Amino acid sequence: MVENFRKFKAGPDPFGRTWDVEFRWLQTGISIRHADTVDVKFEAAPDGEPKYERVIALAHPDLLKLSQATGHPLTDPWCMKIAALHLENMIESGEDIEKTLVTVRYEEMARCAKELEAAHA
């Protein structure tokens, strides 16, 4: 599990590479692209390569539903951690890694939230 969600290594990816990942910002998607999301931006790339922008979009209605289901308050740090775990999974699986903007499905958000809860238990 990632220990520092602001700067971490992820991988290996399907090609055996380890990625450097850095958190950049978190903001509501409505302010930048008229979407009802919380957008979390990271810069990520395999070791030694130029970093690429990756924006993980968490749908606000799904976050509210997940917050209610888990009893966890909807906070910026919680959103950042869910997004970081999803990005880590993208890197390790190779799924959607070529995309700059990825909207996370509710089921994946729930998996990440459960992983966070288990790590803090």
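Two strands are said to pair if DSSP finds at least two bridges between them, and that is the idea I would like you to hold on to as we walk through this fold. Strands, for our purposes, are DSSP runs of E with at least two residues, while helices are runs of H or I with at least four residues, and both are numbered from the N terminus. Before we go on, please keep in mind that this is a predicted model, in which local features need pLDDT of at least 70, side-chain atom pairs count only at pLDDT 80 or more, and totals for chains, interfaces and linings use all residues. Residues are numbered from 1 along each chain as its sequence is written, and side-chain values use heavy atoms, with hydrogens and water left out.

Let me begin with the sheet. It is an open sheet of 5 strands in the order 1-2-3-4-5, and its pairing is mixed. Strand 1 and strand 5 are the edge strands, each of them pairing on one side only. From one strand to the next the twist averages 30 degrees, where axes are lines fitted to C-alpha atoms, for helices over the stretch in contact, and angles run from 0 to 180 degrees between N-to-C directions.

Now to the individual pairs. Strand 1, residues 7–10, runs antiparallel to strand 2, residues 19–28, and 4 bridges join them; within this pair, Phe8 has Val21 in strand 2 as its bridge partner. Strand 3, residues 37–46, is also antiparallel to its partner, strand 4, with 8 bridges between them, and here Phe42 is bridged to Arg54 in strand 4. Strand 4, residues 52–59, and strand 5 run parallel and are joined by 4 bridges, with Ala57 standing opposite Thr103 in strand 5.

What do the side chains do along the two edge strands? In a regular strand the side chains alternate between the two faces of the sheet. In strand 1, Phe8 and Ala10 point to one face and are buried, whereas Lys7 and Lys9 point to the other and are not. Buried here means under 20% relative accessible area, exposed means over 50%, and partly exposed is in between, using a 1.4 Å probe and protein chains only. In strand 5, residues 101–104, Val102 and Val104 point to one face and are buried, while Leu101 and Thr103 point to the other and are not.

One residue of strand 3 deserves a pause, namely Lys41. Is Lys41 buried or exposed? Lys41 is buried, with a relative accessible area of 13%. Leaving aside neighbours within four places in sequence, Lys41 is in contact (heavy atoms within 4.5 Å) with Glu22, Phe23, Arg24, Trp25, Glu53, Arg54 and Val55.

Let me turn to the helices. The axes of helix 2 and helix 3 come within 13 Å and cross at roughly 105 degrees, which makes helix 2 roughly perpendicular to helix 3; on this scale, angles under 35 degrees count as roughly parallel, over 145 as roughly antiparallel, 65 to 115 as roughly perpendicular, and the rest as oblique. Leu63, Leu66, Ser67 and Thr70 of helix 2 make this contact with Trp78, Cys79 and Ile82 of helix 3. By class, these residues are 5 nonpolar, 2 polar and no charged, where Ala, Val, Leu, Ile, Met, Phe, Trp, Tyr, Cys and Pro count as nonpolar, Asp, Glu, Lys and Arg as charged, and the others, Gly among them, as polar.

Helix 3, residues 76–93, also meets helix 4, residues 106–120, with axes that come within 9 Å and cross at roughly 110 degrees. Among the residues in this contact are Trp78, Ile82 and Leu85 of helix 3, and Met109, Cys112 and Leu116 of helix 4. The contact of helix 3 with helix 4 has 7 nonpolar, 3 polar and 4 charged residues.

Finally, the cysteines. How many disulfides does a search of the whole structure find? The search finds 0 disulfides, a disulfide being a pair of cysteine sulfur atoms within 2.5 Å. The closest cysteine sulfur to that of Cys79 is in Cys112, and because the two are 12 Å apart, they are too far for a bond. Cys79 is buried, at a relative accessible area of 2%, and Cys112 counts as buried too, at 0% relative accessibility.
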